[in-house]
Each structure stands twice: as structure tokens, then as C-alpha cells.
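This report is written for a reader who is meeting the structure for the first time. It begins with a pair of packed helices and then moves outward to other parts of the model.

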Amino acid sequence: MKHLLSIADLSPTEIHSLLELTDHMVEINHRPIPKVPALRGKNVVSLFFEDSTRTRTSFDTAAKRLSADTMNFAVSSSSVNKGESLRDTVETIAAMGVDAFVIRHKSSGAPQMITRWTNASIVNAGDGWHQHPTQALLDSYTIRTGLNRRDGFDGLHIAIVGDIKHSRVARSDVQAFTALGARVTLVAPPTLLPPSIALLGGHDWPVDVSYDLDAVLPDVDVLYLLRVQRERMDDALLPSLEEYSAMYGLDARRAARLAPHALVMHPGPMNRGVEMVVDPAELPGSAILNQVTNGVAVRMAVLFTLLGSGSDLRGDA
Amino acid sequence: MSREVLSASDVRRALTRIAHEIVERNQGLEGVVLVGLQRGGVWIADALAALLAEIDPAHPVPVGTLDVSFHRDDVGLRPIVPGSVTDIPVSLGGCTVVLTDDVLYTGRTVRAALEAMNEYGRPRAVQLAVVVDRGHRELPIRPDFVGKNLPTSSEEQVSATSDGVVIR
């Protein structure tokens, strides 16, 4: 595996391999000194053209725990402000000797484009509405460990609630969860669903769609809440945050109707009082902090697979 | 072409001898911990623990496993398929660690193991038990307990399991 651009590029076997490798990284992270020399001398550069705190620091921590060197490229203080093109920026930094770029960009497909301009490995850390593959992997790992489903998600029912249409997290998660065998229901008002569900990656995804969270709630093993982006109000896709919250927010009444074993997940940053009305610290099934912790381990597994394993984890088979 | 060098009962006898040697060398089993290297050394640590329990039931020996994948010096040069996750049940500080592996060859796995083990405390001593020493060392590393010294050519492949030792 040379790049990680999209969950759609991964076979279920490759997803399983990455999740198994993540077990090893979790063990490293539990050591008194959570650092191994595996990627000594490798240079990992974060190139973030969009705001991010958790994804960037998570990748940074992951690279450092594998002893790679890291460099952060802050767009706000860079020559991009002097009009340098994306290609010139990438080629300039690559000329300094880079083994992997971790890229976030507002345009879908930008990481794919960058693979043509450099020999370095490219990790997509979020591109437009398209993909956020490491988020999907850390979500899958969180479900795998939280519900003890090491062999796959057969029979699990996962509801993804919120702004599906504009969400790269939803696209990536649907692909990963269904590849692992889960049944996925998308829950959202019609204005926040893609015009055709088939548009999700251009395939006919085996997902159900519901406009009614209360009908779905008692049946799910995982309730995955997406962040409601406030700028959607301006696009007139939602009448008001209060109305969204009343229809789709997780309040105490809805939390009480979840199955006792059900996990509640959120990719962050959370809008308290909108999609998350209850205090997540009071939810017995909240896996939100586990997601953050697992994010570091999953990104270690990704970086190690791209830079450290010499070739594909399981060969070409 | 494969040829059996040790049968299952030969391996069994060799491990029994090694178990007695471990007791003799350490004047008992006080503070001894067995650590099997993933993946080929894990069954040996388990087998030795069972044999040691027969010799001295009063001192049960803790058994751990160590995955050295992320400490190897050939990361990036060859595909790495990690075995199971490292599991060291006790702090190794002050203990006598007996590392176990199936075949001792270049010594690079043992070097990685010595480094990986640092994370779990400072052992009083580290000893190495292997079923087969096939030579061709590339590092100054030697075993303390050997089932069989086996001269080989570097083209050959050696496998050592509880079913016997086979050269291919």
C-alpha cells in the first residue's frame, strides 16, 4: 500500500489488517514509554489547508510515537498567501526530502492530485465532502473493541445521524462499516441527505434511510452523531438549530431509549445543545473519548503500513 | 526436498533437558520469567513453563510474549507481519528473563528483543533458549540453552515446532 486516499480503495481484508495492526499500536501506547524506533529517519509532513486540531495533533503524535520526524506546514503563515500554487508548494516541500504527506484540503480529490507530483506516500486527512479514511478506520476500531467484534460487524446495526450530504466522515464510515458487514441506516432531514443515496461514492450502497430518529433509536447498536455545521443555516437547509435539535438531537429522553450496550459516537468537534443535548460524560455508552485515543493508534498503523512494512501487509494476495 | 533432523520426541527430550539446565543455571526458579518471541518462540515458552512446573511446582514461572516487529533494524526492507500483541504480565525489573525462540540464525531478532524488552523494566539477567542454533550469526549474540546445533547453508530453511525440526 503506497497511499491512503479513500476507504473505497481498501478491500475488507486490508481494513481488517489495519485494525489488527492497530492492536499492536494500542499496546505500545499503554507502555510507560510509548515510543518505538520503527520509523526512525522517515519524514512526515502535515499539510493542512483547512482548520483542524484533533486530526493534525493525532497524526503528529502517531508519527512521533513511531520515531518519525515531523514537520507542520501552517498554510496561514506560508507562501500560499503570496499566491503559490498547490503544486509548487508540494514540490518545494517534497524537495526537502519527505516520505509521507498528510493532507487536508477543502477540494475533493486534492490528495489524489498530489500523488502525481511527488514520490512520497499521501495520506488523506480529509478532502472536501469526499473522504476522511483515517476517521472511518478509527471509528471502525472503536466499534470493534467497544462491542468486541474482532471478526467483523455482521448483524450490527449502525445509525449515522445528521448532515450526511456534506459529510466526508459519513461517506467514509458508510464504506468502512458496510465493508465490515454492518447494516447502516442514515437518519437525517431530506435536505441534509444526498439527492440520491447512490451518489455516495457512485455505488449502490446497502444503506437504509430514515427521517425519524425515534423510530430507529431502540434498534441500533451504534448511534453515530455528526456535527451540524452552523453555516447550513445560511444555506436554508435547516429552519433552525432548535428545530434540528428537537428532531435529531440526543437528549436524555432519547438516550434512555437506547439499548444498554449501544455505543454513542461523534467525530468532533461537538455542538453541545444541538446534536448532543445530554452531557456525553453522563452517557454510559459514550465512546467519544475512545475515538480520540484510538485515532492515534490507527494513524500509527496507517503510517507504519505505508512507510515501514516494505510492501503490502499481506503481500499481494 | 525436506528432511527431518529431530523428531517430535527428540524435541520433547531437548526441551526437558533445557528445563533442567534452566533450574541448574539459576539455582532454582526464584525470579525467573519466560518470554517467548512472536511467533515461533511462544509455544516453546509455554512448553518450558509446563516442564518447569513438573520440576519445581513451588515456583510457578510467569510466561510472557514479545512482538519485536517495531524494533527490527530491517523495517522497510521486508514485509512485516506482526504476530500477536506483546503481553508481559509482570515487571521484568530485577528478574532473570529467559527468552525463547525456535531457530537462532542471524541474531537480529534477539537484538530487537533485547531493545523491545527495555520498556518493561531492567532485568537482572537475560538468557536465551532456542531449539535450534543454525549458525550464520551477524551480531555478537550466543544462546545459553540449545536443543541442537545444526550446521546449515544459508539457502536452507529450518522450521522447529513441537512436531519436530525440518530442513528444507
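In H5 of chain A, the residues A:Thr134, A:Leu137, A:Leu138, A:Asp139, A:Tyr141, A:Thr142 and A:Gly146 meet A:Asn290, A:Gln291, A:Asn294, A:Gly295, A:Val298, A:Arg299 and A:Val302 in H11 of chain A. Sorted by class, the residues of this contact between H5(A) and H11(A) comprise five nonpolar, seven polar and two charged. The structure is a predicted model, and its scores are ipTM 0.77 and pTM 0.88.

Two packed helices are described by the angle between their axes and the distance between the axes. Helix H5 of chain A, which covers residues 133-146, packs with H11(A) at an angle of about 115°, and the two axes are 8 Å apart. The crossing of these two helices, H5(A) and H11(A), is right-handed.

H11(A) also has a place in the wider arrangement of chain A. The domain assignment divides this chain into domain 1, made of 7-132 + 292-316, and domain 2, made of 133-288. Between the C-alpha centres of domain 1 and domain 2 of chain A there is a distance of 25 Å, and the contact takes 22 residues from domain 1 and 21 residues from domain 2. On the side of domain 1 of chain A that touches domain 2, the elements that give two or more residues are helix H1 (12-29), strand S4 (121-127) and helix H11 (288-307) of chain A. That side of domain 1 has 10 nonpolar, nine polar and three charged residues.

Chain B has a mean pLDDT of 93, with 95% of its residues at 70 or more. Within chain B, helix H1 (residues 8-25) and helix H2 (residues 42-55) have axes that come within 9 Å and cross at roughly 60°; H1(B) and H2(B) are therefore oblique to each other. H1(B) passes H2(B) in a right-handed crossing, and the contact is made by B:Leu15, B:Thr16, B:Ile18, B:Ala19, B:His20, B:Ile22 and B:Val23 of H1(B) together with B:Ala47, B:Leu48, B:Leu51, B:Leu52 and B:Ile55 of H2(B).

The class make-up of the two helix contacts is set out below.

| Contact | Nonpolar | Polar | Charged |
|---|---|---|---|
| H5(A) with H11(A) | five nonpolar residues | seven polar residues | two charged residues |
| H1(B) with H2(B) | 10 nonpolar residues | two polar residues | no charged residues |

How values were computed
Residues are numbered from 1 along each chain as its sequence is written. Chains are lettered from A and ligands numbered from 1 in the order in which they are written. This is a predicted model: local features need pLDDT of at least 70, side-chain atom pairs count only at pLDDT 80 or more; totals for chains, interfaces and linings use all residues. Domain bounds come from an automatic or database domain assignment. Two residues are in contact if their C-beta atoms, placed from the backbone, lie within 7 Å. Helices (H or I, at least four residues) and strands (E, at least two) are DSSP runs, numbered from the N terminus. Ala, Val, Leu, Ile, Met, Phe, Trp, Tyr, Cys and Pro count as nonpolar, Asp, Glu, Lys and Arg as charged, and the others, Gly among them, as polar. pLDDT is the predictor's confidence in each residue, from 0 to 100. Axes are lines fitted to C-alpha atoms, for helices over the stretch in contact, and angles run from 0 to 180 degrees between N-to-C directions. A crossing is left-handed if the near helix is turned anticlockwise from the far one by less than a right angle, and right-handed if clockwise. Angles under 35 degrees count as roughly parallel, over 145 as roughly antiparallel, 65 to 115 as roughly perpendicular and the rest as oblique.
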